[in-house]
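This briefing is intended for a reader who is meeting the structure for the first time. Please look through the sequence and the model before turning to the points below.

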Amino acid sequence: MSFIRAYQKTCSSQSSTWRIYKRLVVTQYSLSYLANIYKADAYLPPVDYRETEEGRQLSDIEIMQLHTVYEKLVYSMTHFPRSGQMNTIVLDFIDRLALDFALIGGTETEKRGFVEVLNRASLRTFNSPCVIRHLFHALVNLGDYEEAEHALKTYLYLVGLESRTNVDARSTTVALVSDPTGLDAPIPDHQVEALAIAQKKQDDPQQRKETAKDKINVLTTAVKMYCQELSKGTEAVAAAELGYRVYTEENCVELDAQVHRALGVSYGFLASQTFDRTLRPEYHKKALKALYKSLEMDKESWETCYQLALQLAEMRDIIGAVPMISRSLQLNSAYLPSWHLLALLCTCPVKESMTQALKTCELALEEASDVIKDNWVDFSEEVGQYILLQMTHTLLVGRVHGPEEASVSQERLFQMFGKILVPELIPDSASSNMLHESISQGNARYGMVLSGSLGNIEPSISSSSAEKITRGRSASNASTFTTRSVSSFTGRKLHLAEMFDTGSAKSVKNGTITNKMLDPKSLVRKDISHAGTTGSLASFQSNTSSTRQTLLEHATELLRPTTLARLEHQRSCKILCDLWLLSAEGFLHHGKIEEALKAVGEAENVDWTTHAGVWCLLGRIRLAQKQPQKAIIAFQKGLVTKPSDVTCRVWLAKTYIELGDLEIAEGILEAVTKENGWDNSAAWYYLGEIYRQTDRMDRTKDCFFYALELESTTPIQSFTVLPRVV
């Protein structure tokens with residue numbers, strides 16, 4: 001390392017064109033050596049930093065500073081390629097940078113800087129699939145999924161897996177799938193993917209040939225993005241089918257288990273979104289076949305075992321899912337959703353193991369106790385899953401030990417949730433000129449406007465809520481959060497209390513939380529630049545132009561949040577809303593109507609435009625108050641926010657049955673049982689009750705038996721709270 005630093009120090013005092021080719025080769029070998037000793041944990045930082053956090057971060061900085069030199073050398077030698085010319089030097093630089101960045105990781109700012117580096121590289125290449133591939137992975141890693149989709153489509157066009165004809169062919173199939181916004185989407189056509197592979201594209205001499213492994217990794221990442229983040233089942237299946245056909249065409253045996261698992265995950269997800277009763281079992285069958293094939297090829301894959309158990313659970317094969325998730329836990333006991341799935345399986349009446357489920361939750365929470373510590377934590381998928389497991393634990397405590405113990409558990413749950421930080425989407429900035437895309441888009445996307453919040457139904461609730469806002473004691477007051485229309489994105493982390501309480505917002509901004517959001521590597525650079533050290537550390541500083549500047553420095557002003565930041569906001573708000581609804585349901589169960597209304601009012605302050613559960617629970621409270629017409633209004637408003645919500649539709653049908661409007665109720669329930677409520681036991685029971693009252697005994701018996709079968713396999717929480725692993 002001392003020779004590398006000395007060489008770079010010597011070169012820094014020379015002109016930019018001095019022995020440029022030799023410097024390029026030496027820098028390439030230096031980066032390869034530095035990456036190898038980094039992997040072997042044998043890096044020797046300057047002076048006395050070896051045992052400190054700063055010393056460990058210096059290796060990251062030194063690698064990126066070498067890449068900064070590398071980039072300057074590359075671009076001083078290359079120009080935009082001529083016809084038939086391939087800028088191999090640029091592609092080698094991008095490949096090396098992508099490997100090293102994946103090795104050391106980076107903050108969000110550095111991820112944005114990496115995207116800018118790739119954009120600069122695209123100016124020195126001509127439609128390079130290599131650059132676009134790295135750009136796609138970088139955008140997914142950043143969480144900018146909208147831009148990642150564009151990069152994915154560009155990449156597929158460049159490698160010959162996509163064409164305008166294929167895109168048009170996909171859009172002409174029958175729309176039998178419901179997307180997250182409630183709109184119908186066309187089902188995938190497998191012949192399109194087969195046609196895409198069959199179309200042989202002539203190799204471009206200007207481009208480096210993409211390997212089958214590169215293509216499959218891109219398509220697998222796309223499946224993960226569509227299933228876990230964007231909830232687009234048809235797009236996931238299209239990407240998985242393309243990956244499978246690339247695998248079979250080019251015989252990429254090393255990725256066989258990965259390809260089949262992605263195929264199984266995508267079909268399982270599409271089955272949960274389709275509302276066609278003939279396609280659903282077909283998709284389930286394809287999902288199981290692909291997952292079993294993946295497990296056969298890699299018997300030690302905990303991901304496949306987990307996903308297979310989740311697929312069996314969604315198909316209500318509880319007995320078959322239990323040994324599979326147990327096997328997944330034996331292979332990897334650190335994955336929290338695996339414990340959650342096992343606990344949910346134990347809560348099904350067919351297992352009759354509430355006590356065992358409670359012990360499973362307690363064991364999992366004890367194992368994952370470091371997820372949320374005493375300090376603030378950033379919201380992430382792991383944190384969200386931890387909170388969801390805590391909610392299941394609270395429900396089980398109520399079932400096993402009674403409501404008093406459950407209330408204590410809920411109180412701890414709220415305290416824990418208050419420690420979570422999320423990316424700031426709406427900072428207090430009067431100078432900003434970018435319109436904020438509201439997190440709660442529910443009613444706007446359907447072209448409808450709700451007539452108001454819960455306060456418009458009952459004046460007493462409105463005045464009560466206003467009084468709470470005046471006193472400032474509500475921890476979930478979102479009045480200032482939902483009414484702002486102008487904002488920008490700064491990348492700062494925001495405490496959840498700041499989203500809903502203006503008083504706590506000031507304390508957060510003026511406290512130490514803002515300081516914690518500073519880039520740790522920037523702190524290291526600042527400390528190094530201000531330290532009066534000498535010797536090798538001073539040499540280390542001088543042989544690089546600046547210890548505070550690397551090619552990953554992001555200079556562009558952040559004008560919008562990433563898709564991931566918006567999704568994290570939505571998910572955190574939904575979880576908080578679910579917590580209030582959990583409390584409200586407990587109050588309603590014990591006949592405490594006023595307390596239930598107050599809890600629903602708090603849930604309303606968090607999210608009343610996209611969460612149908614708020615309106616559904618209000619409707620149930622109105623039914624308990626013997627006010628069926630007001631209950632119907634509440635259920636209908638819930639269906640405005642989410643037209644496909646099963647619970648709202650079932651309770652609406654139940655209310656119509658009680659009022660004697662059997663025809664309306666039957667129409668609602670038949671639609672529910674044919675679509676995404678096919679596994680809802682209450683829907684089948686009430687449909688059977690309608691058949692009984694109208695003397696259709698054969699159908700009555702079928703509905704009642706199926707309702708009993710579904711009830712025996714219904715968990716305490718829906719399996720949909722669990723993530724899919726690609």
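The points that follow move from the overall make-up to individual residues.

The model is predicted. The protein has 726 residues, of which 53% count as buried. Its secondary structure amounts to 34 helices and five strands.

**Overall make-up**

- Contacts between residues at least 6 apart in sequence were examined across the protein, and 71% of them join residues at least 24 apart.
- The exposed area of the protein is about 33,200 Å², and carbon and sulfur atoms supply 52% of that area.

**Nonpolar cores**

- In soluble globular proteins, nonpolar side chains tend to be buried together.
- The largest nonpolar core here holds 86 residues. Within this core, Phe 93, Phe 114, Phe 136 and Met 225 touch the most other members.
- Once neighbours within four places in sequence are set aside, Phe 114 is in contact with Leu 97, Ala 98, Phe 101, Ala 138 and Leu 552.
- Another core, of 76 residues, lies apart from the largest one. Its members include Cys 305, Leu 389, Ala 584 and Leu 618.

**Salt bridges within one helix**

- Side chains of opposite charge can pair when their charged atoms come close. In the whole structure, 20 salt bridges are found.
- Arg 112 and Glu 108 form one of these through their side chains, with a distance of 3.4 Å from N to O. Both residues belong to helix α5 (residues 108-122), where they stand four residues apart, or about one turn of the helix.
- The partners in α5 differ in burial class: Arg 112 is buried, with a relative accessible area of 11%, whereas Glu 108 is partly exposed at 28%.
- A salt bridge also joins the side chains of Glu 241 and Arg 245, at 3.9 Å from N to O. The two are separated by about one helical turn because they lie four residues apart in helix α11 (residues 233-250).
- Glu 241 counts as buried, with 7% relative accessibility, while Arg 245 is partly exposed, with a relative accessible area of 22%.

**A salt bridge between helices, and a network**

- The side chains of Glu 229 and Arg 571 meet in a salt bridge at 2.9 Å, N to O. Glu 229 sits in helix α10 (residues 212-230) and Arg 571 in helix α27 (residues 563-589), so this pair ties together parts that are 342 residues apart in sequence.
- Glu 229 is buried because its relative accessibility of 15% falls under the 20% limit. Arg 571, with a relative accessible area of 29%, is partly exposed.
- Arg 133, Glu 210 and Asp 214 are joined into one network by salt bridges that share partners.

**Loop residues with positive phi**

- Ser 231 has a phi near 55°, a positive value in a residue other than glycine. This residue is found in the loop between α10 and α11, and at 23% relative accessibility Ser 231 counts as partly exposed.
- Asn 251 likewise is a residue other than glycine with a positive phi, near 55°. Asn 251 lies in the loop between α11 and α12 (256-273).
- Asn 251 is exposed, with a relative accessible area of 58%.

**Buried polar residues in helices**

- Gln 390 has its place in helix α18 (residues 381-401), and it is buried, with a relative accessible area of 10%.
- Not counting residues up to four places away in sequence, Gln 390 touches Leu 365, Leu 413 and Met 416.
- Thr 641 belongs to helix α30 (residues 628-641). Its relative accessible area is 0%, and Thr 641 is therefore buried.
- The side chain of Thr 641 reaches the backbone oxygen of Gly 638 at a distance of 2.6 Å.

Note on methods. Residues are numbered from 1 along each chain as its sequence is written. This is a predicted model: local features need pLDDT of at least 70, side-chain atom pairs count only at pLDDT 80 or more; totals for chains, interfaces and linings use all residues. Side-chain values use heavy atoms; hydrogens and water are left out. Buried means under 20% relative accessible area, exposed over 50%, partly exposed in between (1.4 Å probe, protein chains only). Contact means heavy atoms within 4.5 Å. Accessible areas come from the Shrake-Rupley method with a 1.4 Å probe; for residues, only the protein chains shown count as cover. A nonpolar core is a set of buried Ala, Val, Leu, Ile, Met, Phe, Trp, Tyr and Cys residues joined through side-chain atoms within 4.5 Å. A salt bridge is a side-chain nitrogen of Lys or Arg within 4 Å of a carboxyl oxygen of Asp or Glu. A polar contact is a pair of N or O atoms within 3.5 Å; within protein, one must be able to donate a hydrogen and the other to accept it, and residues adjacent in sequence count only if both atoms are side-chain atoms.
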